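Here is a short tour of one protein model, from its surface to its interior. Take a look at the sequence and the structure first, and then read on.

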Amino acid sequence: MPYILTRKLRELEPYQPISGEYEVRLDANESFLPMPQDELAKACSTIESNRYPDAYAGEVIEKFAQLFELDPACITAGNGSDELISILCACFLESGDSILTFAPDFSMYAFYGSLYEVNVHVMEKDADLQIDVDAVVSYVKRNAIKAVLFSNPCNPTSLGLTRDKVLRMLEALQEENALMILDEAYMDFWDQSLLDCISEYDNLIILKTCSKAIGLAAVRLGFAVTNPTLTTALRAAKSPYNVNAVTQAIGASALSDTSNIRNRIDRIIASRDALYKAISPLCEKSSIIERLYDTVTNFVFIKTPKAKEIWQALLDRSIAVRCMGDYLRITCGTEEENDRLLTSFEAVIKDMEG
Ligand SMILES: *Cc1c(COP(=O)(O)O)cnc(C)c1O
């Protein structure tokens, strides 16, 4: 008899990153500013390869805490925030519990939820792709939801939910004894963070990543920020050496350079603004583009029934963007990359209009 996989594995839809080589990569929301090679090498020069790393990534947590003015006792480091989402779903929920996430939103919440046999409820966002806080609160009450997971600002919509609205949801969730897992992966590009509220709530966990604004996607480093009680539980639940020594060394070096980080974020925001400003008139006058959304992230989000065709035509020109159903998500790049994207985008949509 052949070995039979569990149903959840048979039904699993693996995350499919783009494969192949493309000259312009605007598909994964990465930073276009890599850490210089000599800084990478220098950061790694003191690593003792035969020794296990610091199990609690003390130095890198210290630097992250200084950067965001947090108490290190509120921070857990992870092998990317993806690992932290996995641990949270595995340990803060029990099989059969219900969680709520949204569509469209980051797909990994539902992915890990179903992997750990949690009932994943997905609420469709409204016509403007925003979260309706009142609808969320009543849904949570009616369905005994144990945790609400979402990204703010949102990947992929590029939109943000203001701080007062998130706080209103958080307070309602607290009354229902439900957790809020708030993914602030893109909050470095906006100013509505709830990081300063961490100690005031017993049900708030904020996720941060070094993969976007900090430019360390290759290094895999993320953080969960929550009150000391939940932090103790999370640290106990993670695997002992989840953040390797190379990541800790590079992360500590990158995070300690505060003025450099500010400068990089400003450059990314300037690139995002330039991309938005240039693509906006192209979208407006095109009969095949339905909508360009506002953006508080490092990418733009476009609704078009021709998303798949445009995506393929751009790939044919060696430009990778992300296609999601009737939407395109385009990360801002260097000036050169933006220019190439814009020239090709204009030509491709003109072509399709006939
Ligand atoms: C990119 C992204 C992450 C992934 O972060 P890693 O630290 O690279 O695992 C998490 N959440 C959202 C919303 C993202 O877009």
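The protein chain exposes about 16800 Å², and carbon and sulfur atoms supply 48% of that area; the areas are Shrake-Rupley values with a 1.4 Å probe. This is a predicted model, where local features need pLDDT of at least 70, side-chain atom pairs count only at pLDDT 80 or more, and totals for chains, interfaces and linings use all residues. Residues are numbered from 1 along each chain as its sequence is written, and side-chain values use heavy atoms, without hydrogens and water.

Some values for the whole chain:

| Property | Value |
|---|---|
| C-alpha span along the principal axes | about 60 × 55 × 55 Å |
| Residues that count as buried (under 20% relative accessible area) | 51% of 354 residues |
| Contacts (heavy atoms within 4.5 Å) joining residues at least 24 apart, among those at least 6 apart in sequence | 71% |

Now for the interior. The largest nonpolar core (buried Ala, Val, Leu, Ile, Met, Phe, Trp, Tyr and Cys residues joined through side-chain atoms within 4.5 Å) has 92 residues. Phe150, Met169, Phe223, Ile279, Leu341 and Phe345 touch the most other members. Helix H10 (residues 258–285) gives this core its largest share, eight residues; helices are DSSP runs of H or I with at least four residues, numbered from the N terminus.

What does Phe150 touch, leaving aside residues up to four places away in sequence? Its partners include Phe102, Tyr109, Met169 and Leu182, and also Asp105 and Asp183. Another core, of 21 residues, lies apart from the largest one; Cys89, Ala147, Leu207 and Ala224 are among its members.

Technical notes. Buried means under 20% relative accessible area, exposed over 50%, partly exposed in between (1.4 Å probe, protein chains only). Helices (H or I, at least four residues) and strands (E, at least two) are DSSP runs, numbered from the N terminus.
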